[in-house]
Amino acid sequence: MVLIYIDQADQEIKKASLEAISYGAALAKQMGTTAEAFILGTVNEDLSQLGKYGATKVHQVSNDQLNHFDARVNATVAAELVKSIGAEVTVFAHNTNGKSYNSAVS
């Protein structure tokens, strides 16, 4: 399974996340597997709409602390989620928040 990170700010999904879902869904298709997404925190949008971009399921970790991006906290929660779900590949948008995950776990 390919797992895609949905980046959000001020409880709104960032456009880069929609592009990442499309990319992750195409990758999953090539691999012969499914594309699922995950979001940390809460958003004002209907997460079922992410299916339009190729996500077959959305995992959400709702916690007020996750509504404000903290690379170390988010990376720890994301790593636990990825491990528990058993994703083969994890996709992050190529933006500041996506890049910070790499720095937080290095």
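**Exercise 1. Where is D70 found, and how exposed is this residue?**

Solution. Two points on the model come before the steps. This is a predicted model, in which local features need pLDDT of at least 70, side-chain atom pairs count only at pLDDT 80 or more, and totals for chains, interfaces and linings use all residues. Residues are numbered from 1 along each chain as its sequence is written, and side-chain values use heavy atoms, with hydrogens and water left out.

Step 1. D70 sits in the loop between β5 and α2 (71-85). Helices (H or I, at least four residues) and strands (E, at least two) are DSSP runs, numbered from the N terminus.

Step 2. The relative accessibility of D70 is 36%, so D70 counts as partly exposed. Buried means under 20% relative accessible area, exposed means over 50%, and partly exposed lies in between (1.4 Å probe, protein chains only).

Step 3. D70 and F92 are 22 residues apart along the chain. Their C-alpha atoms are separated by 15 Å.

**Exercise 2. Give the order of helices and strands, then judge the compactness of the chain.**

Solution. Step 1. Count the elements: three helices and six strands.

Step 2. Read them along the sequence: β-β-β-α-β-β-α-β-α.

Step 3. Compare the radius of gyration with the globule rule. The radius is 13 Å, close to the 13 Å that the rule gives for 106 residues, so the chain is as compact as a globular protein of that length. The radius is taken over C-alpha atoms, and the rule is 2.2 Å times the number of residues to the power 0.38.

Step 4. Add the dimensions. The C-alpha trace spans about 35 × 30 × 25 Å along its principal axes.

**Exercise 3. Describe burial, contacts, surface and charge for the whole chain.**

Solution. Step 1. Of the 106 residues, 42% are buried.

Step 2. Take the contacts (heavy atoms within 4.5 Å). Among those with a separation of 6 or more, 66% join residues 24 or more positions apart.

Step 3. The accessible surface is about 5900 Å². Carbon and sulfur atoms hold 49% of that surface. Areas come from the Shrake-Rupley method with a 1.4 Å probe; for residues, only the protein chains shown count as cover.

Step 4. The chain has 8 positive and 11 negative charges, and their mean positions are 7 Å apart. Lys and Arg count as positive, Asp and Glu as negative; His and the chain ends are not counted. The place of a charge is NZ of Lys, CZ of Arg, CG of Asp or CD of Glu.

**Exercise 4. Which residues touch the most other members of the largest nonpolar core?**

Solution. Step 1. Fix the term. A nonpolar core is a set of buried Ala, Val, Leu, Ile, Met, Phe, Trp, Tyr and Cys residues joined through side-chain atoms within 4.5 Å.

Step 2. The largest core has 18 residues, and I4, I6, I13 and L50 touch the most other members. Two or more residues come from each of β1 (2-6), α1 (15-31) and β4 (35-40). The top contributor is α1, with five residues.

Step 3. Look around I4. Leaving aside neighbours within four places in sequence, its contacts include A20, I21, G24, A25, F38 and V91.

Step 4. A second, separate core holds 13 residues, among them L3, F38, A78 and Y101.

Step 5. Check H59, in strand β5 (residues 57-61). At 15% relative accessibility, H59 is buried. Not counting residues up to four places away in sequence, H59 touches L3, E36, A37, F38, I39, L81 and I85.

**Exercise 5. Examine the backbone of D10 and Q11.**

Solution. Step 1. Recall the background: most residues other than glycine have a negative phi.

Step 2. D10 is not a glycine, yet its phi is positive, about 50°. Q11 also has a positive phi, near 65°.

Step 3. D10 lies in the loop between β2 (8-9) and β3 (12-13). Q11 is found in the loop between β2 and β3.

Step 4. D10 is exposed, at 70% relative accessible area. Q11 is partly exposed, at 27%.

**Exercise 6. Place T96 and K99 in the fold.**

Solution. Step 1. T96 belongs to helix α3 (residues 96-105), and K99 is in helix α3.

Step 2. T96 is exposed, at 67%. K99 is partly exposed, at 46%.

Step 3. T96 and S17 lie 79 residues apart along the chain, with 12 Å between their C-alpha atoms. K99 and A71 are 28 residues apart in sequence and 9.5 Å apart, C-alpha to C-alpha.

Step 4. Beyond neighbours within four places in sequence, K99 contacts A93 and H94.
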